[in-house]
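Trainee: Could we go through this structure together? I would like to learn how each label is earned.

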Amino acid sequence: MSQWTEWASNLNALCLGYKRPQDCYSMLTDNELCFLEQYGRYSYTGAGKIVDLGCWLGGSTLALARGVADSAHQKRRTRRRPIDAFDRFVWEDWMTPIGRMLDVPKQYAPGDDYFEDVEVLLRSHEGMVRLRRGDLVDEPDFRDVIEFLFIDAMKSWPLANAIQRVFFPRLIPERSLIVQQDFGYHHPIVATAHVLMWRLRDAFEAVHHVPNSCSVVFFHRRPLIRRKLPRLDPDLLTVEEVHQIWEHSLQCIGRNMWGPVLLCKLLFMIERGWEEEAHAEAAKLAAQGYRYEGAALADARAAIEKRLRVWPPHTNQARWLEETGARLE
Ligand SMILES: C[S@@+](CC[C@H](N)C(=O)[O-])C[C@H]1O[C@@H](n2cnc3c(N)ncnc32)[C@H](O)[C@@H]1O
């Protein structure tokens, strides 16, 4: 058993029977919350900061803080406020159904500021967390070294570029971990994570897929210099590169998540306007037995509908798109 496999299986074993705390409102699964808490408790050393990108109502932050509060590092108090949590803290429309599902006690309207509510929710760990309001696209100033980087906010190409430029050069080689929370999700914007981790594959090694979740953990191997980081631009990718990128991604994640990861690739191809290649990809998926439903199928249909508006009926492109849609069900 490799050192990482043993590490992951110890963390998994600690999560049997885990229940999220009452005051924790989080979009993460219980497995992800428990992973963050146990990481904070048993693996975090205090060599660098913990950074939570996209903390929303502070659920991910609370899990990390609960673990760190209990850790040997915190008992030595080597670092004041070991956790920095970033968010815009501005409510958006898409958060409303999730808030309702999670029984968030307060109702928000789009545009509402929820910063002070997160302060209250994290009050029990006040001295440990620094909440940082702002748009990450604006590349906030960040000078500390980072031991653990939790990325749950990489929802656009400019944002992915900003995140790598600000935070990646601060990671500690042979020590830091980063988590790409969306890695196993089907949405085409997750291409940002697949492209980024492929471009930087010499600097990061996938070491753990948090069970029953979309989160993949990477170990940081080689130092990264800000001015040498690749600029991510979907327009510059070739079809051949896209095949290589997703080959790499499949090696980073458990087989049970290959379906959504491959759908992300297909939807990214449709978005790029590569109808013929997407058609071939859908045929491969269908032959391998992948079928989609729920949000995945709805998002696929929406992406196909959008491209169908570009092509007149009876063109090859329209036919390829329609057949692609039919093969996913
Ligand atoms: C999926 S949610 C995070 C969920 C959270 N980690 C939890 O435990 O529930 C993504 C968060 O990223 C934040 N976000 C998205 N884009 C951002 C940006 N450009 N700058 C700062 N925060 C951003 C959103 O406000 C949202 O709270």
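Mentor: Happily! Keep in mind that this is a predicted model. Let us start at the ligand, which 18 residues surround; the closest are Gly54, Trp56, Gly59, Ser60 and Ala153.

Trainee: What makes a residue part of that group around the ligand?

Mentor: The test is a C-beta atom, placed from the backbone, within 6 Å of the molecule. In this model 18 residues surround the ligand. By class, the shell has 9 nonpolar, 4 polar and 5 charged residues.

Trainee: Which secondary structure elements each supply at least two residues of the shell?

Mentor: Those are helix α3 (59-69) and strand β2 (83-87). They belong to a protein with 13 helices and 7 strands.

Trainee: How do you know that the radius of gyration agrees with a compact globule?

Mentor: Set the two values side by side. For 329 residues, a compact globule would have a radius of gyration near 20 Å, and the protein has 20 Å, so the value agrees. Along its principal axes, the C-alpha trace spans about 70 × 45 × 40 Å. Buried residues account for 41% of the 329 residues.

Trainee: Why is Asn31 called partly exposed?

Mentor: Count its neighbours: Asn31 has 17 C-beta neighbours inside 10 Å. Buried needs 20 or more, and exposed needs 12 or fewer. Because 17 lies in between, Asn31 counts as partly exposed. This residue sits in helix α2 (residues 30-43).

Trainee: Which residues does Asn31 touch, leaving out those up to four places away in sequence?

Mentor: Asn31 touches Cys15, Val210, Pro211, Asn212 and Ser213. For the protein, 74% of the contacts with a separation of 6 or more join residues 24 or more positions apart.

Trainee: Now the sheet. In what order do its strands run?

Mentor: The order is β3-β2-β1-β4-β5-β7-β6, in an open sheet of 7 strands with mixed pairing.

Trainee: Why are β3 and β6 said to stand at the edges?

Mentor: β3 (129-133) and β6 (204-209) each have a single partner strand, so one side of each is left without a neighbour in the sheet. On average, neighbouring strands of this sheet are turned by 20 degrees against each other, direction ignored.

Trainee: How do you know that β4 and β5 pair?

Mentor: At least two bridges are needed. Strand β4 (residues 146-151) and strand β5 (residues 177-180) have 4 bridges, in the parallel sense, so they pass the test and count as paired. As one example, Leu149 has Ile178 in β5 as its bridge partner.

Conventions. Residues numbered from 1 in each chain as written. Predicted model: local features only at pLDDT ≥ 70, side-chain atom pairs only at ≥ 80, totals over all residues. Nonpolar A, V, L, I, M, F, W, Y, C, P; charged D, E, K, R; others polar. Rg over C-alpha atoms; globule rule 2.2 N^0.38 Å. Contact = placed C-beta atoms within 7 Å. Axes fitted to C-alpha atoms, helices over the stretch in contact; angles between N-to-C directions.
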